[in-house]
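Trainee: I'd like to learn how to read a protein model piece by piece. Could you walk me through one?

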Amino acid sequence: MEIEEIKNLIKQPEYDFLRTNEHLGNNICLLTLGGSHAYGTNVEGSDVDIRGIASLKPENILGTTPFEQLVENNTDTTIYGLTKIFQLLLNVNPNTIEILGCKPEHYLFTNEIGNLILLNKHLFLSKKCIGAFAGYAGAQLSRLENYVCREKLAQPQQEEHIKTSIENAMRHWDEKYAKFENGSIKLFIDKAVNPDMETEMFVDVDLKHYPLRDYKTMWAEMNEIVKTYKNIGARNSKAMEHNKLNKHIMHLFRLYLMCIDILEKEEINTYREKDHDYLMAIRNGYYMNEDGTIKPELYKELDLLKSKMKDLERTTKLPEKPYYKDAEKLLIRLNKMSLEKNN
């Protein structure tokens, strides 16, 4: 859908809440695209997602009536209150920091307050983006692996898949836990004792005089991985059932690529123009086998992106933490402007 069509779309009755809701209307200070249209990965029939920011009314700023956000599911619209969006931006939350990096023509509306937020977006950028984006990407990969493991693999293959996930986590335990030597805990697959399984994972442990609390945490970490593969949520199951596996993979890579831009260029590039062909190839099945399982090349490419992020963590000019004080001064200024406007 072209941008002019989208501008006409939000004038339709289903978007009347933008004009009539007590927290929106004249309080909207920024309105832009979200989702695939914002990333440049939309295809024919892609949903239109709208994202925005609303300044606060006097009772929201000075009184006891908070306004954090409005989510309108029928139109895939989310509007954040000013204080809430600042909190999320200071944590470099991927779902909100992208609002500040859209193509200029994708901003459907901005007023003076919205323009000041865009002008000062550098205040929110810091090395915190590494943990934030990696966390979102890791969750995306886990959902994908959960589904593939549970729906596409036979039980013996599932067990091998879970074993590999635990072993990947264990590779870094020598950095996290006291006196742990790699190889102290060995996992192996053998004929199942459990009558409901063909094969089963077993463990050999060689630890002496080991801190109980560290061992408890290690065990909990292993247990959580096993539980994760059994507890895929209904929302994620539905998404995968609608053949969205490749879309999940595409967004996984998009998150890493966007974070690398932030670290390397110190800017937010929501629209992935240079990555467009690569991302669309992923969306069309580049990393998926015909049987719906994941190609090993996906993990190799992810390792390269993670390695690049690690290198950039050392070389980036971004601060360890965002400019909290300056961001707070900006928020106070914007809230004062909101109060004056409502007088």
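Mentor: Let's take the sheet, then a helix pair, then two residues. This is a predicted model, where local features need pLDDT of at least 70, side-chain atom pairs count only at pLDDT 80 or more, and totals for chains, interfaces and linings use all residues. Residues are numbered from 1 along each chain as its sequence is written, and side-chain values use heavy atoms, with hydrogens and water left out.

Trainee: How do strands form a sheet, and what is the strand order here?

Mentor: Strands of a sheet pair through backbone hydrogen bonds, either parallel or antiparallel. Helices (H or I, at least four residues) and strands (E, at least two) are DSSP runs, numbered from the N terminus, and two strands pair if DSSP finds at least two bridges between them. Here five strands make an open sheet with mixed pairing, in the order S3-S4-S2-S1-S5. Strand S3 (69-72) and strand S5 (107-110) are the edges, each pairing on one side only. From one strand to the next, the twist averages 15°.

Trainee: Which strand pair could I look at up close?

Mentor: Try S2 (residues 49-54) and S4 (residues 77-81), which pair in the parallel sense over five bridges. Ile50 has Thr77 in S4 as its bridge partner. Helix H5 (residues 82-90) lies across S2, S3 and S4, at about 95° to S4.

Trainee: And how do I read two helices packing?

Mentor: Check the angle between their axes (lines fitted to C-alpha atoms, for helices over the stretch in contact; angles run from 0 to 180 degrees between N-to-C directions). Helix H8 (residues 128-152) and helix H15 (residues 296-315) pack at about 170°, with axes 12 Å apart. That makes H8 roughly antiparallel to H15 (angles under 35 degrees count as roughly parallel, over 145 as roughly antiparallel, 65 to 115 as roughly perpendicular and the rest as oblique).

Trainee: Is Thr96 buried or exposed?

Mentor: Buried means under 20% relative accessible area, exposed over 50%, partly exposed in between (1.4 Å probe, protein chains only). Thr96, in helix H6 (residues 94-97), is buried, with a relative accessible area of 1%. Not counting residues up to four places away in sequence, Thr96 touches Tyr80, Ile85, Leu88 and Leu89; contact means heavy atoms within 4.5 Å.

Trainee: Where is Ile268 found?

Mentor: Ile268 sits in the loop between helix H13 (245-265) and helix H14 (276-283). Ile268 is buried too, at 5% relative accessible area. Ile268 and Ile97 are 171 residues apart in sequence, yet 7.6 Å apart in space, C-alpha to C-alpha.
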